[in-house]
Amino acid sequence: MLSPLAYGLAVVLSLFCVFIGARFLLAPQASAAGYGVPAKPDGDPAYLTIKGLRDLSYGLLGLALIAFTSADAVAWYMLVVALIPLGDTVIVLRHGGTKAVAFGIHFATAVVVLLDAALLFAL
């Protein structure tokens, strides 16, 4: 029973990263606003593209690990990847974003990713 939940959550989280990355590549200004720190209209779009590529790559890597490796490998991946939303929490707070977005989106995501890592380690 634990296996479908752990792997299902890992798939959903990885697909969510793919979605976020694709959105940053296709609609960077709107995505930055949703992230919690709106981009300046005349800002350097390269940084938004980097964010999109980073998230897309992490999502695809997660899906590849789920498909081709063990639960322990996916668990370690999730444990390391949890650093991203934790860092995003700090970035949003340090750059004028709201606490609601920082904790309600980014920190909550980190907690879910860590929970999934724990579930995968338990398999």
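Helices H1 and H2 are oblique to each other in this predicted model. Their axes cross at roughly 130° and come within 6 Å. That angle lies outside the ranges for roughly parallel (under 35 degrees), roughly perpendicular (65 to 115) and roughly antiparallel (over 145), and is therefore classed as oblique. On the H1 side the contact is made by Arg23, Phe24, Leu25 and Leu26, and on the H2 side by Pro28, Ala30, Ser31, Ala32 and Tyr35. Sorted by class, seven of these residues are nonpolar, one is polar and one is charged.

H2 itself spans residues 28–35, and its residues Ser31, Ala32 and Tyr35 are buried. Viewed down the axis of H2, the buried residues fall within an arc of 100°, so they line one face of the helix. Ser31, Ala32 and Tyr35 also belong to the contact with H1. H1, which covers residues 2–26, is one of the helices against which the buried residues of H2 pack; the others are H3 (45–68), H5 and H6 (99–122). Just after H2 comes Gly36, with a positive phi of about 120°.

H5, one of the helices packed against the buried residues of H2, runs over residues 83–94, and H4 runs over residues 71–81. The axes of H4 and H5 come within 5 Å of each other and cross at roughly 10°. With that angle, H4 counts as roughly parallel to H5, because the cut-off for this class is under 35 degrees. The contact joins Leu79, Val80 and Val81 of H4 to Leu83, Ile84 and Pro85 of H5. Its residues comprise six nonpolar, no polar and no charged.

Pro85 of H5, part of the contact with H4, also has a polar partner: its backbone oxygen lies 2.8 Å from a polar atom of the side chain of Thr89. Thr89 is likewise placed in H5. At 5% relative accessibility, Thr89 counts as buried, because the limit for that class is under 20%. The side chain of Thr89 also reaches the backbone oxygen of Ala102, at 3.4 Å. Apart from its neighbours within four places in sequence, Thr89 is in contact with Ala102, Phe103, His106 and Phe107. H6 spans 99–122, so these four partners of Thr89 fall within the residue range of that helix.

Conventions. Residues numbered from 1 in each chain as written. Predicted model: local features only at pLDDT ≥ 70, side-chain atom pairs only at ≥ 80, totals over all residues. Heavy atoms only, no water. Axes fitted to C-alpha atoms, helices over the stretch in contact; angles between N-to-C directions. Helix = DSSP H or I, 4+ residues; strand = E, 2+ residues; numbered from the N terminus. Contact = heavy atoms within 4.5 Å. Nonpolar A, V, L, I, M, F, W, Y, C, P; charged D, E, K, R; others polar. Buried < 20%, exposed > 50% of the residue type's maximum accessible area, 1.4 Å probe, protein only. Polar contact = N/O pair within 3.5 Å; in protein donor to acceptor, adjacent residues only side chain to side chain. Arc of directions from axis to C-beta.
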